[in-house]
Amino acid sequence: MKNKNLNKVLVVDFGSQTTQLIIRRIREIGVDCEIISYSNLYSNIRKNRPKAIILSGGPASSFKKKSPKLNKQVLKMNIPILGICYGMQIICQTLGGKVQSSNRREFGKAEIKILKKNLLFNRIVFSKNNASQVWMSHGDEVVALPKGFDALAKTKANNIASIGNIKKNIYGLQFHPEVIHTISGKIIIENFLVKICKIQPDWKIENFLNRQIIEIRKKVGKERVICGLSGGVDSSVVAALLSKSIGKSLICIFVNHGFLRKEEEKEVINNFKKYMNSKLVYVNASKTFYLKLKNITDPERKRKIIGKEFIKIFEKEAQKIKNAKFLAQGTLYPDVIESKKIEGNNSKAIKSHHNVGGLPKRLNLTLIEPLRELFKDEVRELGKELGLPSNIIQRHPFPGPGLSIRIPGEITNKKVNILKEADKVYIDELKKSNLYNKIWQAFCVLLPVKSVGVMGDSRSYEYTVSIRAITSTDGMTADIYYFREEFLKRLSGRIIGEVKGVNRVLFDITSKPPATIEWE
(Lines give C-alpha, C1' and ligand atoms only; values in the text may rest on other atoms or scores of the structure.)
Protein backbone atom coordinates (compact mmCIF):
# COMPACT_ATOMS: atom_id res chain seq x y z
CA MET A 1 0.00 0.00 0.00
CA LYS A 2 1.37 3.39 -0.96
CA ASN A 3 2.28 5.62 1.97
CA LYS A 4 -0.20 8.51 1.90
CA ASN A 5 2.47 10.76 3.48
CA LEU A 6 5.08 9.96 0.83
CA ASN A 7 5.49 13.63 -0.12
CA LYS A 8 4.32 15.18 3.17
CA VAL A 9 6.40 17.94 4.74
CA LEU A 10 6.08 18.61 8.47
CA VAL A 11 6.56 22.22 9.55
CA VAL A 12 7.50 22.33 13.22
CA ASP A 13 6.15 25.45 14.92
CA PHE A 14 8.34 27.08 17.56
CA GLY A 15 6.08 30.13 17.95
CA SER A 16 6.92 32.29 14.94
CA GLN A 17 4.29 34.69 13.62
CA THR A 18 5.39 33.73 10.09
CA THR A 19 5.05 29.95 10.44
CA GLN A 20 1.87 30.11 8.36
CA LEU A 21 3.83 31.80 5.57
CA ILE A 22 6.15 28.78 5.42
CA ILE A 23 3.08 26.64 4.77
CA ARG A 24 1.92 29.15 2.16
CA ARG A 25 5.18 29.00 0.21
CA ILE A 26 5.26 25.19 0.33
CA ARG A 27 1.71 25.03 -1.04
CA GLU A 28 2.62 27.44 -3.83
CA ILE A 29 5.33 24.99 -4.86
CA GLY A 30 2.71 22.23 -4.96
CA VAL A 31 3.81 20.17 -1.97
CA ASP A 32 1.55 18.82 0.77
CA CYS A 33 2.41 20.02 4.27
CA GLU A 34 1.19 20.23 7.84
CA ILE A 35 2.06 22.31 10.89
CA ILE A 36 2.82 20.42 14.09
CA SER A 37 3.93 21.48 17.55
CA TYR A 38 7.49 20.99 18.76
CA SER A 39 6.14 19.01 21.71
CA ASN A 40 6.23 15.23 21.19
CA LEU A 41 8.03 15.91 17.91
CA TYR A 42 9.99 12.65 17.74
CA SER A 43 6.91 10.39 18.10
CA ASN A 44 4.95 12.60 15.68
CA ILE A 45 7.65 12.22 13.03
CA ARG A 46 7.80 8.46 13.49
CA LYS A 47 4.02 8.32 13.07
CA ASN A 48 3.81 10.57 9.99
CA ARG A 49 7.03 9.48 8.24
CA PRO A 50 7.47 12.80 6.40
CA LYS A 51 9.67 13.34 3.38
CA ALA A 52 11.12 16.51 4.92
CA ILE A 53 11.05 18.60 8.10
CA ILE A 54 11.18 22.39 8.37
CA LEU A 55 11.82 23.99 11.76
CA SER A 56 10.24 27.44 12.11
CA GLY A 57 11.53 30.56 13.81
CA GLY A 58 10.42 31.60 17.27
CA PRO A 59 10.75 34.24 19.99
CA ALA A 60 12.83 32.17 22.43
CA SER A 61 16.61 31.89 22.84
CA SER A 62 17.82 28.36 22.15
CA PHE A 63 20.53 28.47 24.83
CA LYS A 64 18.14 29.29 27.70
CA LYS A 65 16.86 26.50 29.97
CA LYS A 66 13.14 27.13 29.46
CA SER A 67 13.34 27.50 25.68
CA PRO A 68 11.74 24.89 23.37
CA LYS A 69 14.14 21.99 22.82
CA LEU A 70 14.81 19.62 19.92
CA ASN A 71 15.12 15.89 20.51
CA LYS A 72 18.55 14.89 19.23
CA GLN A 73 17.05 11.70 17.79
CA VAL A 74 15.16 13.82 15.23
CA LEU A 75 18.50 14.80 13.72
CA LYS A 76 19.49 11.14 13.34
CA MET A 77 16.43 9.95 11.40
CA ASN A 78 17.94 10.50 7.93
CA ILE A 79 15.14 12.92 7.05
CA PRO A 80 16.23 16.19 5.35
CA ILE A 81 15.82 19.13 7.72
CA LEU A 82 15.74 22.89 7.12
CA GLY A 83 15.92 25.15 10.17
CA ILE A 84 14.77 28.77 9.85
CA CYS A 85 16.04 31.41 12.31
CA TYR A 86 15.35 29.77 15.71
CA GLY A 87 15.16 26.50 13.80
CA MET A 88 18.79 26.93 12.69
CA GLN A 89 19.88 27.99 16.17
CA ILE A 90 18.24 25.02 17.89
CA ILE A 91 19.96 22.65 15.44
CA CYS A 92 23.32 24.17 16.37
CA GLN A 93 22.55 24.19 20.08
CA THR A 94 21.41 20.54 20.02
CA LEU A 95 24.45 19.28 18.11
CA GLY A 96 27.12 21.04 20.18
CA GLY A 97 27.47 24.36 18.38
CA LYS A 98 27.24 27.70 20.15
CA VAL A 99 24.48 30.32 20.05
CA GLN A 100 24.59 33.58 21.98
CA SER A 101 22.91 36.96 22.21
CA SER A 102 24.00 39.33 19.49
CA ASN A 103 25.44 42.75 20.26
CA ARG A 104 23.19 44.20 17.59
CA ARG A 105 19.77 42.77 16.75
CA GLU A 106 19.22 42.27 13.02
CA PHE A 107 15.78 43.24 11.81
CA GLY A 108 14.75 44.04 8.26
CA LYS A 109 16.42 43.79 4.88
CA ALA A 110 19.98 42.49 4.68
CA GLU A 111 22.34 41.14 2.05
CA ILE A 112 24.13 37.81 2.13
CA LYS A 113 26.98 36.37 0.11
CA ILE A 114 27.21 32.68 -0.76
CA LEU A 115 30.42 31.06 0.48
CA LYS A 116 30.06 27.58 -0.95
CA LYS A 117 28.25 26.32 -4.02
CA ASN A 118 25.33 24.09 -3.00
CA LEU A 119 21.85 23.02 -4.09
CA LEU A 120 20.07 25.15 -1.46
CA PHE A 121 21.15 28.40 -3.15
CA ASN A 122 20.82 27.20 -6.73
CA ARG A 123 19.22 29.74 -9.12
CA ILE A 124 18.88 32.53 -6.53
CA VAL A 125 18.86 36.19 -7.62
CA PHE A 126 22.01 38.24 -7.04
CA SER A 127 22.51 42.00 -7.10
CA LYS A 128 25.34 43.79 -8.90
CA ASN A 129 27.71 43.28 -5.97
CA ASN A 130 27.10 39.50 -6.04
CA ALA A 131 24.84 39.60 -2.94
CA SER A 132 21.24 38.50 -2.41
CA GLN A 133 18.59 40.35 -0.41
CA VAL A 134 17.05 38.54 2.56
CA TRP A 135 14.89 39.42 5.59
CA MET A 136 16.35 39.11 9.08
CA SER A 137 14.52 39.16 12.42
CA HIS A 138 16.62 37.89 15.33
CA GLY A 139 18.51 38.89 18.45
CA ASP A 140 20.70 35.78 18.79
CA GLU A 141 23.43 34.46 16.50
CA VAL A 142 25.35 31.28 15.79
CA VAL A 143 29.03 31.80 16.67
CA ALA A 144 30.33 28.21 16.53
CA LEU A 145 29.19 25.43 14.20
CA PRO A 146 28.55 21.80 15.17
CA LYS A 147 30.88 19.11 13.85
CA GLY A 148 30.25 18.32 10.17
CA PHE A 149 28.64 21.68 9.37
CA ASP A 150 29.90 24.44 7.10
CA ALA A 151 28.91 28.09 6.81
CA LEU A 152 27.15 28.38 3.45
CA ALA A 153 26.45 32.13 3.53
CA LYS A 154 27.37 35.19 5.58
CA THR A 155 26.17 38.77 5.90
CA LYS A 156 28.22 41.87 5.11
CA ALA A 157 29.12 42.04 8.81
CA ASN A 158 30.54 38.50 8.52
CA ASN A 159 27.74 36.95 10.59
CA ILE A 160 26.67 33.41 9.72
CA ALA A 161 23.52 33.53 7.54
CA SER A 162 23.28 29.87 6.53
CA ILE A 163 24.77 26.54 7.56
CA GLY A 164 24.69 23.04 6.17
CA ASN A 165 25.73 19.47 6.71
CA ILE A 166 25.41 18.53 3.07
CA LYS A 167 26.20 14.86 3.67
CA LYS A 168 23.29 14.52 6.14
CA ASN A 169 20.98 16.99 4.33
CA ILE A 170 20.57 19.22 7.38
CA TYR A 171 20.50 22.94 6.58
CA GLY A 172 19.88 26.18 8.43
CA LEU A 173 18.96 29.74 7.46
CA GLN A 174 19.31 32.66 9.86
CA PHE A 175 16.99 34.72 7.64
CA HIS A 176 13.33 34.12 6.74
CA PRO A 177 12.85 32.72 3.21
CA GLU A 178 9.07 32.61 3.70
CA VAL A 179 8.59 36.41 3.66
CA ILE A 180 8.40 38.30 0.38
CA HIS A 181 11.29 40.60 1.34
CA THR A 182 13.68 37.68 0.84
CA ILE A 183 13.93 38.03 -2.93
CA SER A 184 14.76 34.38 -3.67
CA GLY A 185 12.99 32.92 -0.63
CA LYS A 186 10.53 30.78 -2.54
CA ILE A 187 13.35 29.49 -4.78
CA ILE A 188 15.38 28.49 -1.70
CA ILE A 189 12.43 26.57 -0.21
CA GLU A 190 11.78 24.93 -3.57
CA ASN A 191 15.44 23.96 -3.87
CA PHE A 192 15.27 22.29 -0.47
CA LEU A 193 12.07 20.38 -1.22
CA VAL A 194 12.63 19.43 -4.85
CA LYS A 195 16.44 19.37 -5.35
CA ILE A 196 17.54 18.15 -1.94
CA CYS A 197 14.52 16.15 -0.66
CA LYS A 198 13.59 14.85 -4.13
CA ILE A 199 9.89 15.59 -3.57
CA GLN A 200 7.65 15.58 -6.63
CA PRO A 201 5.15 18.47 -6.32
CA ASP A 202 1.69 16.92 -6.47
CA TRP A 203 -0.50 18.94 -4.08
CA LYS A 204 -3.49 20.16 -6.06
CA ILE A 205 -6.77 21.70 -5.02
CA GLU A 206 -8.70 18.86 -6.69
CA ASN A 207 -6.84 16.39 -4.46
CA PHE A 208 -7.81 18.46 -1.44
CA LEU A 209 -11.44 18.45 -2.63
CA ASN A 210 -11.56 14.68 -3.02
CA ARG A 211 -9.95 14.15 0.39
CA GLN A 212 -12.41 16.52 2.09
CA ILE A 213 -15.43 14.82 0.51
CA ILE A 214 -14.26 11.45 1.85
CA GLU A 215 -13.50 12.86 5.32
CA ILE A 216 -16.82 14.74 5.57
CA ARG A 217 -18.86 11.69 4.55
CA LYS A 218 -16.98 9.52 7.04
CA LYS A 219 -17.42 12.02 9.88
CA VAL A 220 -21.05 12.96 9.26
CA GLY A 221 -22.50 9.57 8.34
CA LYS A 222 -26.30 9.81 8.20
CA GLU A 223 -26.54 12.84 10.49
CA ARG A 224 -27.43 16.36 9.38
CA VAL A 225 -25.14 19.36 9.15
CA ILE A 226 -26.07 22.98 9.74
CA CYS A 227 -23.97 25.43 7.76
CA GLY A 228 -23.66 29.08 8.72
CA LEU A 229 -24.14 30.93 5.44
CA SER A 230 -23.24 34.58 4.92
CA GLY A 231 -23.03 34.66 1.13
CA GLY A 232 -19.32 35.44 1.11
CA VAL A 233 -16.67 33.37 -0.62
CA ASP A 234 -15.81 31.24 2.41
CA SER A 235 -19.29 30.24 3.55
CA SER A 236 -20.49 29.76 -0.05
CA VAL A 237 -17.60 27.39 -0.78
CA VAL A 238 -18.24 25.51 2.47
CA ALA A 239 -21.91 25.14 1.54
CA ALA A 240 -21.05 23.95 -1.97
CA LEU A 241 -18.48 21.48 -0.61
CA LEU A 242 -20.94 20.05 1.93
CA SER A 243 -23.73 19.92 -0.64
CA LYS A 244 -21.48 17.88 -2.94
CA SER A 245 -20.43 15.66 -0.03
CA ILE A 246 -23.71 14.95 1.77
CA GLY A 247 -26.47 16.40 -0.42
CA LYS A 248 -29.86 16.70 1.31
CA SER A 249 -28.31 16.22 4.76
CA LEU A 250 -27.17 19.85 4.64
CA ILE A 251 -29.33 22.64 6.07
CA CYS A 252 -27.94 26.15 5.67
CA ILE A 253 -28.86 28.90 8.12
CA PHE A 254 -28.49 32.49 7.00
CA VAL A 255 -28.59 34.91 9.93
CA ASN A 256 -29.10 38.57 9.13
CA HIS A 257 -27.48 40.36 12.07
CA GLY A 258 -28.33 43.77 10.63
CA PHE A 259 -24.78 44.61 9.61
CA LEU A 260 -24.85 43.34 6.03
CA ARG A 261 -24.23 45.54 3.03
CA LYS A 262 -27.17 47.20 1.30
CA GLU A 263 -29.69 44.60 0.02
CA GLU A 264 -27.15 41.86 0.63
CA GLU A 265 -29.71 39.51 2.20
CA LYS A 266 -31.69 39.43 -1.07
CA GLU A 267 -28.54 38.70 -3.07
CA VAL A 268 -27.51 35.83 -0.76
CA ILE A 269 -30.95 34.18 -0.91
CA ASN A 270 -31.14 34.45 -4.71
CA ASN A 271 -27.62 33.02 -5.17
CA PHE A 272 -28.41 30.12 -2.85
CA LYS A 273 -31.56 29.18 -4.74
CA LYS A 274 -29.67 29.36 -8.02
CA TYR A 275 -26.52 27.39 -7.13
CA MET A 276 -27.32 25.16 -4.14
CA ASN A 277 -29.50 22.07 -3.81
CA SER A 278 -30.10 22.22 -0.07
CA LYS A 279 -32.51 23.77 2.38
CA LEU A 280 -32.04 27.39 3.48
CA VAL A 281 -33.35 28.81 6.75
CA TYR A 282 -33.38 32.62 6.85
CA VAL A 283 -33.35 34.31 10.27
CA ASN A 284 -33.68 38.08 10.61
CA ALA A 285 -32.12 38.70 14.03
CA SER A 286 -31.05 42.32 13.54
CA LYS A 287 -33.10 43.61 16.51
CA THR A 288 -31.39 41.11 18.83
CA PHE A 289 -27.90 42.12 17.73
CA TYR A 290 -28.58 45.85 17.95
CA LEU A 291 -29.92 45.39 21.47
CA LYS A 292 -26.92 43.31 22.57
CA LEU A 293 -24.45 45.85 21.16
CA LYS A 294 -26.09 48.92 22.66
CA ASN A 295 -23.47 51.16 24.30
CA ILE A 296 -20.68 48.68 23.43
CA THR A 297 -17.57 50.38 22.03
CA ASP A 298 -14.72 47.91 22.64
CA PRO A 299 -13.93 46.05 19.37
CA GLU A 300 -13.14 42.71 21.04
CA ARG A 301 -16.41 42.81 22.99
CA LYS A 302 -18.28 43.52 19.74
CA ARG A 303 -16.73 40.50 18.02
CA LYS A 304 -17.34 38.15 20.91
CA ILE A 305 -20.92 39.30 21.49
CA ILE A 306 -21.73 38.79 17.82
CA GLY A 307 -20.01 35.40 17.76
CA LYS A 308 -21.87 34.28 20.88
CA GLU A 309 -25.25 35.39 19.55
CA PHE A 310 -24.59 33.61 16.26
CA ILE A 311 -23.98 30.35 18.05
CA LYS A 312 -27.07 30.80 20.23
CA ILE A 313 -29.20 31.23 17.14
CA PHE A 314 -27.63 28.21 15.47
CA GLU A 315 -28.32 26.14 18.56
CA LYS A 316 -31.91 27.32 18.65
CA GLU A 317 -32.43 26.44 15.00
CA ALA A 318 -30.64 23.11 15.49
CA GLN A 319 -33.27 22.07 18.02
CA LYS A 320 -35.86 22.33 15.26
CA ILE A 321 -33.90 20.05 12.94
CA LYS A 322 -33.97 16.33 13.57
CA ASN A 323 -30.57 14.60 13.69
CA ALA A 324 -28.62 17.86 13.44
CA LYS A 325 -25.25 17.04 14.99
CA PHE A 326 -22.76 19.29 13.22
CA LEU A 327 -22.15 22.99 12.62
CA ALA A 328 -20.05 23.92 9.57
CA GLN A 329 -18.15 27.21 9.33
CA GLY A 330 -15.93 28.91 6.78
CA THR A 331 -12.93 29.35 9.07
CA LEU A 332 -9.71 29.89 7.10
CA TYR A 333 -6.13 29.32 8.13
CA PRO A 334 -5.30 33.03 8.69
CA ASP A 335 -8.34 33.22 11.04
CA VAL A 336 -6.96 30.38 13.13
CA ILE A 337 -3.46 31.89 13.28
CA GLU A 338 -4.64 35.37 14.31
CA SER A 339 -7.21 34.15 16.82
CA LYS A 340 -5.27 31.72 18.95
CA LYS A 341 -1.95 30.03 19.52
CA ILE A 342 -1.02 26.95 17.58
CA GLU A 343 -0.77 24.10 20.08
CA GLY A 344 2.45 24.31 22.01
CA ASN A 345 3.79 27.59 20.64
CA ASN A 346 4.53 30.92 22.26
CA SER A 347 3.04 33.26 19.67
CA LYS A 348 0.45 35.79 20.75
CA ALA A 349 -3.10 36.06 19.44
CA ILE A 350 -3.69 39.24 17.42
CA LYS A 351 -7.50 39.41 17.58
CA SER A 352 -10.45 37.08 17.77
CA HIS A 353 -12.35 36.23 14.62
CA HIS A 354 -16.08 35.68 14.37
CA ASN A 355 -15.65 32.09 13.22
CA VAL A 356 -13.25 31.03 15.96
CA GLY A 357 -13.50 33.54 18.77
CA GLY A 358 -17.05 33.37 20.10
CA LEU A 359 -17.80 29.70 20.60
CA PRO A 360 -19.40 28.89 23.96
CA LYS A 361 -17.81 26.30 26.18
CA ARG A 362 -20.83 24.02 26.01
CA LEU A 363 -21.53 23.82 22.29
CA ASN A 364 -24.35 21.44 21.41
CA LEU A 365 -23.08 20.91 17.87
CA THR A 366 -19.79 19.40 16.72
CA LEU A 367 -17.79 21.85 14.65
CA ILE A 368 -16.77 21.14 11.04
CA GLU A 369 -14.30 23.56 9.46
CA PRO A 370 -13.24 22.02 6.12
CA LEU A 371 -11.39 25.17 4.95
CA ARG A 372 -9.24 25.75 8.03
CA GLU A 373 -6.13 24.48 6.20
CA LEU A 374 -6.59 26.90 3.29
CA PHE A 375 -5.73 30.49 2.45
CA LYS A 376 -8.19 32.79 0.70
CA ASP A 377 -6.84 32.34 -2.82
CA GLU A 378 -6.96 28.56 -2.37
CA VAL A 379 -10.59 28.84 -1.29
CA ARG A 380 -11.33 30.67 -4.55
CA GLU A 381 -9.63 27.84 -6.46
CA LEU A 382 -11.76 25.32 -4.57
CA GLY A 383 -14.92 27.30 -5.37
CA LYS A 384 -14.04 27.22 -9.05
CA GLU A 385 -13.46 23.47 -8.83
CA LEU A 386 -16.94 23.15 -7.27
CA GLY A 387 -18.54 25.07 -10.15
CA LEU A 388 -19.41 28.31 -8.38
CA PRO A 389 -19.67 31.42 -10.62
CA SER A 390 -17.09 34.21 -10.66
CA ASN A 391 -19.43 36.75 -9.03
CA ILE A 392 -19.29 34.62 -5.85
CA ILE A 393 -15.70 33.36 -6.12
CA GLN A 394 -14.18 36.80 -6.81
CA ARG A 395 -16.20 38.61 -4.17
CA HIS A 396 -14.10 40.67 -1.78
CA PRO A 397 -13.66 39.26 1.75
CA PHE A 398 -16.32 40.43 4.20
CA PRO A 399 -15.94 39.88 7.97
CA GLY A 400 -18.41 37.79 9.95
CA PRO A 401 -19.40 40.73 12.18
CA GLY A 402 -20.04 42.73 9.02
CA LEU A 403 -20.26 46.51 9.12
CA SER A 404 -20.23 46.50 12.93
CA ILE A 405 -16.43 46.40 12.99
CA ARG A 406 -16.24 49.15 10.38
CA ILE A 407 -17.93 51.55 12.77
CA PRO A 408 -15.46 52.32 15.58
CA GLY A 409 -17.33 53.25 18.73
CA GLU A 410 -21.00 52.72 19.48
CA ILE A 411 -23.19 51.20 16.77
CA THR A 412 -26.54 52.77 15.89
CA ASN A 413 -29.04 52.08 13.16
CA LYS A 414 -28.36 55.53 11.69
CA LYS A 415 -24.60 54.90 11.46
CA VAL A 416 -25.12 51.50 9.83
CA ASN A 417 -27.43 52.96 7.19
CA ILE A 418 -24.92 55.74 6.41
CA LEU A 419 -22.15 53.17 6.00
CA LYS A 420 -24.33 50.94 3.80
CA GLU A 421 -24.92 53.81 1.41
CA ALA A 422 -21.24 54.84 1.32
CA ASP A 423 -20.15 51.23 0.77
CA LYS A 424 -22.60 50.84 -2.11
CA VAL A 425 -21.25 53.95 -3.84
CA TYR A 426 -17.65 52.80 -3.33
CA ILE A 427 -18.14 49.29 -4.73
CA ASP A 428 -20.24 50.63 -7.59
CA GLU A 429 -17.49 53.09 -8.56
CA LEU A 430 -14.84 50.35 -8.39
CA LYS A 431 -16.83 48.15 -10.75
CA LYS A 432 -17.55 51.01 -13.14
CA SER A 433 -13.83 51.78 -13.28
CA ASN A 434 -12.89 48.08 -13.79
CA LEU A 435 -10.92 48.12 -10.54
CA TYR A 436 -12.90 45.68 -8.40
CA ASN A 437 -11.05 42.52 -9.50
CA LYS A 438 -7.66 44.24 -9.24
CA ILE A 439 -8.18 44.84 -5.52
CA TRP A 440 -8.20 42.08 -2.89
CA GLN A 441 -10.44 43.96 -0.44
CA ALA A 442 -12.03 47.40 -0.46
CA PHE A 443 -14.41 48.95 2.03
CA CYS A 444 -15.48 52.09 3.89
CA VAL A 445 -15.12 52.85 7.59
CA LEU A 446 -17.46 55.30 9.32
CA LEU A 447 -15.36 57.18 11.84
CA PRO A 448 -16.76 58.40 15.17
CA VAL A 449 -15.67 61.88 14.13
CA LYS A 450 -17.74 64.80 12.88
CA SER A 451 -16.27 67.84 11.20
CA VAL A 452 -17.43 71.21 9.93
CA GLY A 453 -18.08 71.55 6.22
CA VAL A 454 -19.80 73.79 3.70
CA MET A 455 -22.59 72.21 1.67
CA GLY A 456 -25.01 74.25 -0.42
CA ASP A 457 -23.66 77.52 0.98
CA SER A 458 -24.59 76.31 4.47
CA ARG A 459 -22.59 75.03 7.40
CA SER A 460 -22.60 71.26 7.84
CA TYR A 461 -21.43 69.13 10.76
CA GLU A 462 -21.37 65.53 9.58
CA TYR A 463 -19.48 62.22 9.79
CA THR A 464 -16.19 61.26 8.17
CA VAL A 465 -15.74 58.18 5.95
CA SER A 466 -12.36 56.55 5.39
CA ILE A 467 -11.93 54.33 2.34
CA ARG A 468 -9.54 51.38 2.30
CA ALA A 469 -8.21 49.33 -0.62
CA ILE A 470 -5.54 46.66 -0.29
CA THR A 471 -3.82 43.99 -2.34
CA SER A 472 -2.93 40.60 -0.89
CA THR A 473 -2.80 36.89 -1.68
CA ASP A 474 -3.57 35.32 1.69
CA GLY A 475 -4.65 38.08 4.08
CA MET A 476 -1.58 37.62 6.30
CA THR A 477 0.16 40.64 4.77
CA ALA A 478 -1.36 43.42 2.69
CA ASP A 479 -0.17 46.39 0.64
CA ILE A 480 -2.06 49.51 -0.37
CA TYR A 481 -3.74 49.85 -3.74
CA TYR A 482 -3.05 53.43 -4.78
CA PHE A 483 -5.82 55.03 -6.80
CA ARG A 484 -5.33 57.69 -9.42
CA GLU A 485 -6.16 61.21 -8.27
CA GLU A 486 -9.14 61.54 -10.62
CA PHE A 487 -10.72 58.36 -9.20
CA LEU A 488 -10.39 59.61 -5.62
CA LYS A 489 -11.91 62.96 -6.53
CA ARG A 490 -14.81 61.29 -8.32
CA LEU A 491 -15.44 58.85 -5.48
CA SER A 492 -15.24 61.52 -2.79
CA GLY A 493 -17.67 63.68 -4.74
CA ARG A 494 -20.15 60.83 -5.12
CA ILE A 495 -20.04 59.78 -1.45
CA ILE A 496 -20.48 63.32 -0.15
CA GLY A 497 -23.10 64.14 -2.78
CA GLU A 498 -25.15 60.92 -2.48
CA VAL A 499 -24.76 59.85 1.15
CA LYS A 500 -26.62 61.99 3.63
CA GLY A 501 -24.66 62.44 6.84
CA VAL A 502 -21.12 62.51 5.36
CA ASN A 503 -19.12 65.62 4.49
CA ARG A 504 -15.53 64.37 4.49
CA VAL A 505 -13.70 61.39 2.86
CA LEU A 506 -10.24 60.10 3.83
CA PHE A 507 -7.96 57.47 2.22
CA ASP A 508 -6.29 54.93 4.54
CA ILE A 509 -2.78 54.15 3.24
CA THR A 510 -1.57 51.85 6.05
CA SER A 511 -0.26 48.41 5.13
CA LYS A 512 -0.54 45.16 7.11
CA PRO A 513 1.57 45.07 9.21
CA PRO A 514 1.61 47.38 11.12
CA ALA A 515 -2.16 47.70 10.84
CA THR A 516 -4.70 44.91 10.43
CA ILE A 517 -6.88 44.97 7.33
CA GLU A 518 -10.06 45.80 9.24
CA TRP A 519 -10.12 48.70 11.66
CA GLU A 520 -11.51 46.60 14.52
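**A buried arginine, an open sheet and unpaired cysteines**

R468 is located in strand 16, which spans residues 458-471. The structure discussed here is a predicted model. With a relative accessibility of 1%, R468 counts as buried. Its side chain forms a polar contact of 3.2 Å with the side chain of D508. Beyond the residues up to four places away in sequence, R468 touches a set of residues that includes Y426, F443, I480 and W519, as well as D508 itself.

Attention now turns to the sheet that contains strands 1 to 9. Nine strands form this open sheet in the order 2-1-3-4-9-8-7-5-6, with mixed pairing. Strand 2 (33-37) and strand 6 (132-144) are the edge strands, each pairing on one side only. On average, neighbouring strands of the sheet are turned by 25° against each other, direction ignored.

Within the sheet, strand 3 (residues 52-55) and strand 4 (residues 81-84) run parallel and are joined by three bridges. One residue pair can be named here: I53 has I81 in strand 4 as its bridge partner. Helix 2 (residues 41-48) packs on the sheet, where it touches strand 1, strand 2 and strand 3, and its direction makes about 155° with that of strand 2. Helix 1 (residues 19-29) lies across strand 1 (9-13), strand 2, strand 3 and strand 4, and runs at about 160° to strand 2.

The cysteines remain to be considered. A search of the whole structure finds zero disulfides. For C252, the closest cysteine sulfur is that of C227, and because the two sulfurs are 4.3 Å apart, they are too far from each other for a bond; a disulfide requires the sulfur atoms to be within 2.5 Å. C252 counts as buried, at 0% relative accessibility. C444 is buried as well, with a relative accessible area of 1%.

How values were computed:
Residues numbered from 1 in each chain as written. Predicted model: local features only at pLDDT ≥ 70, side-chain atom pairs only at ≥ 80, totals over all residues. Heavy atoms only, no water. Buried < 20%, exposed > 50% of the residue type's maximum accessible area, 1.4 Å probe, protein only. Helix = DSSP H or I, 4+ residues; strand = E, 2+ residues; numbered from the N terminus. Polar contact = N/O pair within 3.5 Å; in protein donor to acceptor, adjacent residues only side chain to side chain. Contact = heavy atoms within 4.5 Å. Pairing = 2+ DSSP bridges. Axes fitted to C-alpha atoms, helices over the stretch in contact; angles between N-to-C directions.
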